[in-house]
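Load the model in the viewer and keep the selection panel open. Each stop below gives a selection and then what is there.

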Amino acid sequence: VIVIISVLFLCLYLTHGIKSGVWLKRHHIAELIVEKSTSMVVGNMGEYFKDFAPFIAAILGLSGFSSLITLLGLYAPTSDINIIAGWAILVFGLITYYKMKCGPVEYVKSFANPLLMAPLNVIGEVATPISMAFRHYGNVLSGSVISVLIAAGLSGLSNLIFGSFTEFPFLQIGIPAILSIYFDIFSGILQAYIFAMLTMLYISGGF
């Protein structure tokens, strides 16, 4: 809920007061986001899918904010398989919808091309949302687990070295913060980008 509200208020802030001939810095940022999202969608999916830009921007925003929220000491929603699985199922529904543009009969027949590969084709179809969900979820969760393990290890090592002098965990200063920059910021945003890219490629490829 915090993530959704944050994205909502960011959008309201960036677009508030937009008028013809009156442009503020935040309006230029809003325009940049729209242009980059549209350019990315058209470049990866084609002009036909141009209207998908808001959807892809929403995926990037929700996923990115969900990872960055850990900087405030809150639990990352992307560390919950239920959240990511919900996104993956939604994308899978869109993939199937555009695949069935050829007609339900042709869609079913495509699994039997060639006939001997029909079981593997069905498994491959079902594996799409599963792989999307576990890839995103696994990478975000593993980063959180690694950060916690290293922080706990540094705390124990600090007590071992400085325990006779002080209980202050000197070795926990700085290193966990550097790891947080990588896992929470860089890796979190990267996973959002990868999920968005896979969404575009699977939908356009299915079409």
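Start by selecting Val-1, Ile-5, Leu-8, Phe-9 and Leu-12, which together make a nonpolar surface patch of about 530 Å². A patch here is made of residues with over 30% relative accessible area and no salt bridge, with like charges joined within 9 Å and nonpolar side chains (Val, Leu, Ile, Met, Phe, Trp, Tyr) within 5 Å. Accessible areas come from the Shrake-Rupley method with a 1.4 Å probe, and for residues only the protein chains shown count as cover.

This is a predicted model, in which local features need pLDDT of at least 70 and side-chain atom pairs count only at pLDDT 80 or more, while totals for chains, interfaces and linings use all residues. Residues are numbered from 1 along each chain as its sequence is written, and side-chain values use heavy atoms, with hydrogens and water left out.

**Helix 1**

Within the patch, pick Ile-5, a residue of helix 1 (residues 2-15). Helices (H or I, at least four residues) are DSSP runs, numbered from the N terminus, as are strands (E, at least two). Ile-5 has a relative accessible area of 40%, so it is partly exposed. The classes are buried for under 20% relative accessible area, exposed for over 50%, and partly exposed in between (1.4 Å probe, protein chains only).

Now select Ile-4, also placed in helix 1. Is Ile-4 buried or exposed? Ile-4 is exposed, because its relative accessible area is 56%. Add Phe-65 and draw a C-alpha to C-alpha distance: Ile-4 and Phe-65 are 8.6 Å apart in space and 61 residues apart in sequence.

**Helices 2, 3 and 7**

Show helix 2 (residues 25-45) and helix 3 (residues 53-68), whose axes are 9 Å apart and which pack at an angle of about 110°. Helix 2 is therefore roughly perpendicular to helix 3. Axes are lines fitted to C-alpha atoms, for helices over the stretch in contact, and angles run from 0 to 180 degrees between N-to-C directions. Angles under 35 degrees count as roughly parallel, over 145 as roughly antiparallel, 65 to 115 as roughly perpendicular and the rest as oblique. The crossing of helix 2 past helix 3 is right-handed. A right-handed crossing has the near helix turned clockwise from the far one by less than a right angle, and a left-handed one has it turned anticlockwise.

Bring in helix 7 (residues 175-206), whose axis comes within 9 Å of that of helix 2, with a crossing of roughly 45°. What is the relation between helix 2 and helix 7? Helix 2 and helix 7 are oblique to each other, and their crossing is right-handed.

Hide helix 2 and keep the other two. The axes of helix 3 and helix 7 cross at roughly 155° and come within 8 Å, so helix 3 and helix 7 are roughly antiparallel to each other. Helix 3 passes helix 7 in a right-handed crossing.

**Salt bridges**

How many salt bridges does the structure hold? There are 3, each a side-chain nitrogen of Lys or Arg within 4 Å of a carboxyl oxygen of Asp or Glu. Side chains of opposite charge can pair when their charged atoms come close.

- Select Glu-47 and Lys-50, whose side chains form a salt bridge at 4.0 Å, N to O. Glu-47 is exposed at 53% relative accessible area, and Lys-50 is partly exposed at 39%.
- Select Lys-99 and Glu-125, a salt bridge at 2.7 Å, N to O. This pair links distant parts of the chain, 26 residues apart, with Lys-99 in helix 4 (residues 81-99) and Glu-125 in helix 6 (residues 118-162). Lys-99 is partly exposed at 24% relative accessibility, whereas Glu-125 is buried at 10%.
- Select Glu-106 and Lys-109, a salt bridge with the closest N and O atoms 3.6 Å apart. Lys-109 and Glu-106 are 3 residues apart in helix 5 (residues 104-109), so about one helical turn separates them. Glu-106 is partly exposed, with a relative accessible area of 40%.

**Around Ala-133**

For the last stop, select Ala-133 in helix 6. Ala-133 is buried, with a relative accessible area of 5%. Add Phe-195, which is 62 residues from Ala-133 along the chain, with the two C-alpha atoms separated by 8.8 Å.

Then add Asp-80, in the loop between helix 3 and helix 4. Asp-80 counts as partly exposed, at 26% relative accessibility. The C-alpha atoms of Asp-80 and Ala-133 are separated by 10 Å, and the residues are 53 apart along the chain.
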